[in-house]
Amino acid sequence: MTSSNEAGKTPERVARIATTDRALARGKTDLIGLFGPRNNMSALIRTSRGAIKRVEVGETLSIGRIIAIDETGVILSKNGQNRRLTLPAG
């Protein structure tokens with residue numbers, strides 16, 4: 001069982017990324033989180049306009065259609081080209 005002191009603690013890696021200066025570029029779409037079971041993952045995306053969206057496979061963003069989400073990122077397809085969004089390095 002988790003103690004009340006540990007329950008609200010932010011993991012070190014998450015805190016480091018969250019406090020990195022300029023980890024996310026303005027005007028760019030970025031992946032900011034991955035969650036859910038491996039066979040049905042969702043992602044949090046910050047759009048180029050700054051909105052935060054929860055997305056799933058099959059949804060379409062201005063930068064492409066989401067064709068896969070896994071533990072390492074989101075794969076998008078647009079105009080026959082695929083690209084991967086990954087979490088900011090930290």
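**A walk through the chain, starting at L61**

Let's begin with L61: setting aside neighbours within four places in sequence, this residue is in contact with I45, K53, V55, I66 and L76. The model you are looking at is a predicted one, and L61 is a handy place to enter it.

Several of those partners turn up again in the largest nonpolar core. This core has 12 residues, namely L31, M41, A43, I45, V55, L61, I63, I66, I69, V74, L76 and L85. Two or more of its residues come from each of these elements: β2 (42-46), β5 (64-70) and β6 (73-78). As a rule, in soluble globular proteins nonpolar side chains tend to be buried together.

Now step back to see the whole chain. The protein has two helices and seven strands, and, read from the N terminus, their order is α-α-β-β-β-β-β-β-β. The chain holds 90 residues, and 24% of them count as buried. Its accessible surface comes to about 6,500 Å², with 48% of that belonging to carbon and sulfur atoms. If you take the contacts between residues at least 6 apart in sequence, 25% of them join residues at least 24 apart.

Finally, let's visit strand β2, where S42 is found. Is S42 buried or exposed? It is buried, because its relative accessible area is 3%, and the cut-off for buried is under 20%. Not counting residues up to four places away in sequence, S42 touches G33, L34, F35, R54, V55, E56 and I69. With one of these, R54, there is also a polar contact between the two side chains, at 3.4 Å. Two others, V55 and I69, belong to the nonpolar core we met earlier.

Methods. Residues are numbered from 1 along each chain as its sequence is written. This is a predicted model: local features need pLDDT of at least 70, side-chain atom pairs count only at pLDDT 80 or more; totals for chains, interfaces and linings use all residues. Side-chain values use heavy atoms; hydrogens and water are left out. Helices (H or I, at least four residues) and strands (E, at least two) are DSSP runs, numbered from the N terminus. Buried means under 20% relative accessible area, exposed over 50%, partly exposed in between (1.4 Å probe, protein chains only). Contact means heavy atoms within 4.5 Å. Accessible areas come from the Shrake-Rupley method with a 1.4 Å probe; for residues, only the protein chains shown count as cover. A nonpolar core is a set of buried Ala, Val, Leu, Ile, Met, Phe, Trp, Tyr and Cys residues joined through side-chain atoms within 4.5 Å. A polar contact is a pair of N or O atoms within 3.5 Å; within protein, one must be able to donate a hydrogen and the other to accept it, and residues adjacent in sequence count only if both atoms are side-chain atoms.
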